[in-house]
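This report was prepared for a reader who wishes to examine a protein together with its ligand. The sequence and the coordinates are shown first.

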Amino acid sequence: MQDFTGKTAIITGAAGGIGRATARLLAENGASVVVADLQDSVEDTAALIRDAGGHARAVVTDCATDAGAKAFVAAALEETGRIDILFANAGITGGLLPRLDTPSEDFMEVMRINLLGPWVAIREALPQMKAGGAIICTASVAGLRAGAGPIPYSASKAGVINLVQSLAMALSGRGIRINGVAPGLIETPMTAPLYDAARAKGREGKIGQLNPLRRGGQPEEVAEAVLWLASDAASYVQGQVLSVDGGLSAQLPFTPKWSS
Ligand SMILES: NC(=O)c1ccc[n+]([C@@H]2O[C@H](COP(=O)([O-])OP(=O)(O)OC[C@H]3O[C@@H](n4cnc5c(N)ncnc54)[C@H](O)[C@@H]3O)[C@@H](O)[C@H]2O)c1
């Protein structure tokens with residue numbers, strides 16, 4: 001594992017799930033972290049890190065607003081005077097079912113949080129980042145192809161993938177890397193309704209059966225990928241989106257009879 005001592009990381013959407021797991025892992029590996037979220041429970045994330053001997057500050061804000069992004073950037077600068085890593089991770093599904101009648105305002109709210117959110121975070125943090133800095137955005141396998149999420153959510157995550165690619169080009173020559181992770185099904189507060197429903201029906205064993213590893217993932221497994229992308233070990237990786245999905249996005253939807 002890389003040593004992040006002396007580095008400062010901002011993590012959005014860190015009240016739980018992938019954001020909290022990543023903040024904890026970065027802090028365990030020496031980073032000072034600023035964790036931001038709409039929910040007050042982001043304070044618990046910071047407290048967990050401090051209790052474990054790490055350095056963390058929480059910012060309760062809407063991360064998809066200019067004011068919110070300015071607030072977490074200011075907090076990082078107040079704490080350590082630098083920003084080395086930005087993990088733009090906050091997101092919502094806007095409902096788990098595919099619908100053909102989604103009202104415009106609901107569609108745009110998903111776009112605002114999932115796509116504008118990373119943009120404002122990056123725009124505000126970039127002027128404070130130096131060569132060697134790393135930005136990671138949370139996309140989703142739902143942004144790669146259809147069938148893994150609701151329509152506005154999938155479209156917003158496809159946008160995140162292109163945001164990563166477009167910014168990689170725009171950052172040419174600056175020594176700042178930008179990449180993304182595309183999680184598959186991960187057990188977090190976002191997917192809790194699905195997990196709860198499966199458990200209630202005694203069908204927990206069915207979760208994740210569509211992917212070759214045949215299980216759902218844990219937030220820590222995504223956090224490990226984020227840390228690698230943030231680290232010098234990924235020093236020549238730019239503009240890529242790494243799927244962390246048990247192999248879901250590697251396959252076509254045929255049942256491989258030979259492997260059952
Ligand atoms: N869990 C999965 O299966 C899965 C799969 C693919 C992608 N993702 C993505 O991973 C990211 C993290 O999700 P998670 O699964 O850990 O679920 P989560 O619900 O625990 O995390 C999302 C966090 O974002 C916060 N948030 C939402 N809107 C916000 C806003 N405007 N400002 C600040 N914070 C806001 C929420 O309060 C929440 O804490 C999301 O972008 C999600 O789309 C999750």
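The sections below treat the ligand site, the nonpolar cores and four individual loop residues.

**Ligand site**

The structure is a predicted model. A total of 29 residues surround the ligand, and those that come nearest are Ile 18, Asp 37, Asn 89, Tyr 153 and Thr 188. Sorted by class, this shell consists of 14 nonpolar, 12 polar and 3 charged residues. The table lists polar pairings between protein and ligand.

| Protein atom | Ligand atom | Distance |
|---|---|---|
| Leu 38, polar backbone atom | nitrogen | 3.2 Å |
| Gln 39, polar side-chain atom | oxygen | 2.8 Å |
| Lys 157, N or O atom in the side chain | oxygen | 2.8 Å |

On its own the ligand has 800 Å² of accessible area, of which the protein covers 94%. Two elements, helix H1 (17-28) and helix H5 (151-170), each give two or more residues to the shell around the ligand.

**Nonpolar cores**

In soluble globular proteins, nonpolar side chains tend to be buried together. Here the largest nonpolar core holds 35 residues, and the members with the most contacts inside it are Ile 11, Leu 26, Val 33, Val 35, Ile 136 and Val 181. The elements that supply two or more residues to this core include strand S1 (8-12), H1, strand S2 (32-37), strand S5 (134-138) and helix H7 (219-230). The largest share, 7 residues, comes from H7.

Ile 136 illustrates the packing in this core. Setting aside neighbours within four places in sequence, Ile 136 is in contact with Ile 85, Leu 86, Phe 87 and Ala 88, with Asn 179, Gly 180 and Val 181, and with Val 226, Leu 229 and Ala 230. A second core, separate from the largest one, has 31 residues, among them Ile 10, Val 59, Leu 86 and Met 129.

**Selected loop residues**

Asp 84 is located in the loop between helix H3 (66-80) and S4. Is this residue buried or exposed? Asp 84 counts as buried because its relative accessibility is 11%, under the 20% limit. A polar atom of the Asp 84 side chain lies 2.7 Å from the backbone nitrogen of Thr 8, and a polar contact of 2.8 Å joins the side chain of Asp 84 to that of Arg 82. Beyond residues up to four places away in sequence, Asp 84 touches Gly 6, Lys 7, Thr 8, Met 129, Gly 133 and Ala 134.

Ala 146 belongs to the loop between S5 and H5. Its relative accessibility is 81%, so Ala 146 counts as exposed. Ala 158 follows 12 residues apart from Ala 146 along the chain, and their C-alpha atoms are separated by 10.0 Å.

Met 190 is placed in the loop between strand S6 (177-183) and H6. With a relative accessible area of 31%, Met 190 is partly exposed. Residues up to four places away in sequence aside, Met 190 touches Gly 91, Ile 92, Thr 93, Leu 96 and Tyr 153. Tyr 153 is also one of the residues that come nearest to the ligand. From Met 190 to Phe 254, 64 residues apart in sequence, the C-alpha to C-alpha distance is 28 Å.

Arg 214 occupies the loop between helix H6 (192-200) and H7. Most residues other than glycine have a negative phi. Arg 214, however, has a positive phi near 55°. Its relative accessible area of 39% makes Arg 214 partly exposed.

Key
Residues numbered from 1 in each chain as written. Predicted model: local features only at pLDDT ≥ 70, side-chain atom pairs only at ≥ 80, totals over all residues. Heavy atoms only, no water. Near = heavy atom within 4 Å. Polar contact = N/O pair within 3.5 Å; in protein donor to acceptor, adjacent residues only side chain to side chain. Areas by Shrake-Rupley, 256 points an atom, 1.4 Å probe, with all protein chains shown as cover. Helix = DSSP H or I, 4+ residues; strand = E, 2+ residues; numbered from the N terminus. Nonpolar A, V, L, I, M, F, W, Y, C, P; charged D, E, K, R; others polar. Core = buried A, V, L, I, M, F, W, Y, C linked by side-chain atoms within 4.5 Å. Buried < 20%, exposed > 50% of the residue type's maximum accessible area, 1.4 Å probe, protein only. Contact = heavy atoms within 4.5 Å.
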